[in-house]
Amino acid sequence: MSKALTAKDVEALLAGLRQAAPREECWRCDCLQGFLTQIELDAEPAAAALIAPLKVPAGQMHGCLGCAPCPPGAAFADYLRGLNQSAGG
């Protein structure tokens, strides 16, 4: 990744996640939590702080419920594809 995500970038991604995760269970799913972790890793330190309130302890997470489609999983995949394209891959 060439540049870190800004607070504005993170806010936009989180707004999309809020729309993509209609059920409360989604927020404890490892699909969504994995996406949050990736955003946190890719963000500027100040921007990463926006994610902290949304993360749950590992003991409260659950595996994928197998929703078809998995909206947070699809959002994560779209994000990764975007990174790959911007990196020229």
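Here is a short conversation about a pair of packed helices and some salt bridges in this structure.

Visitor: What should I know before I start reading this model?

Guide: This is a predicted model, in which local features need pLDDT of at least 70 and side-chain atom pairs count only at pLDDT 80 or more, while totals for chains, interfaces and linings use all residues. Residues are numbered from 1 along each chain as its sequence is written, and side-chain values use heavy atoms, leaving out hydrogens and water.

Visitor: At what angle do helix 1 and helix 4 pack?

Guide: Helices are DSSP runs of H or I with at least four residues, and strands are runs of E with at least two, numbered from the N terminus. An axis is a line fitted to C-alpha atoms, for helices over the stretch in contact, and angles run from 0 to 180 degrees between N-to-C directions. Here, helix 1 (residues 7-20) meets helix 4 (residues 71-86) at about 150°, and their axes are 8 Å apart. Angles under 35 degrees count as roughly parallel, over 145 as roughly antiparallel, 65 to 115 as roughly perpendicular, and the rest as oblique. Helix 1 and helix 4 are therefore roughly antiparallel to each other.

Visitor: Which residues make the contact?

Guide: Contact means heavy atoms within 4.5 Å. Helix 1 brings Leu 13, Leu 17 and Ala 20, and helix 4 brings Pro 71, Pro 72, Ala 75 and Tyr 79. These residues divide into 7 nonpolar, no polar and no charged. In this sorting, Ala, Val, Leu, Ile, Met, Phe, Trp, Tyr, Cys and Pro are nonpolar, Asp, Glu, Lys and Arg are charged, and the others, Gly among them, are polar.

Visitor: How many salt bridges does the structure hold?

Guide: A salt bridge is a side-chain nitrogen of Lys or Arg within 4 Å of a carboxyl oxygen of Asp or Glu. The structure holds 4 of them. One of these joins Glu 40 and Lys 55, at 2.8 Å from N to O. Glu 40 lies in helix 2 (residues 30-42) and Lys 55 in the loop between helix 3 (45-48) and helix 4, so the pair ties together parts that are 15 residues apart in sequence.

Visitor: Where else can I look for a salt bridge, and are its residues buried or exposed?

Guide: Try Arg 28 and Glu 24, whose closest N and O atoms are 3.6 Å apart. Buried means under 20% relative accessible area, exposed over 50%, and partly exposed in between (1.4 Å probe, protein chains only). Arg 28 is partly exposed at 27%, whereas Glu 24 is exposed at 61%.
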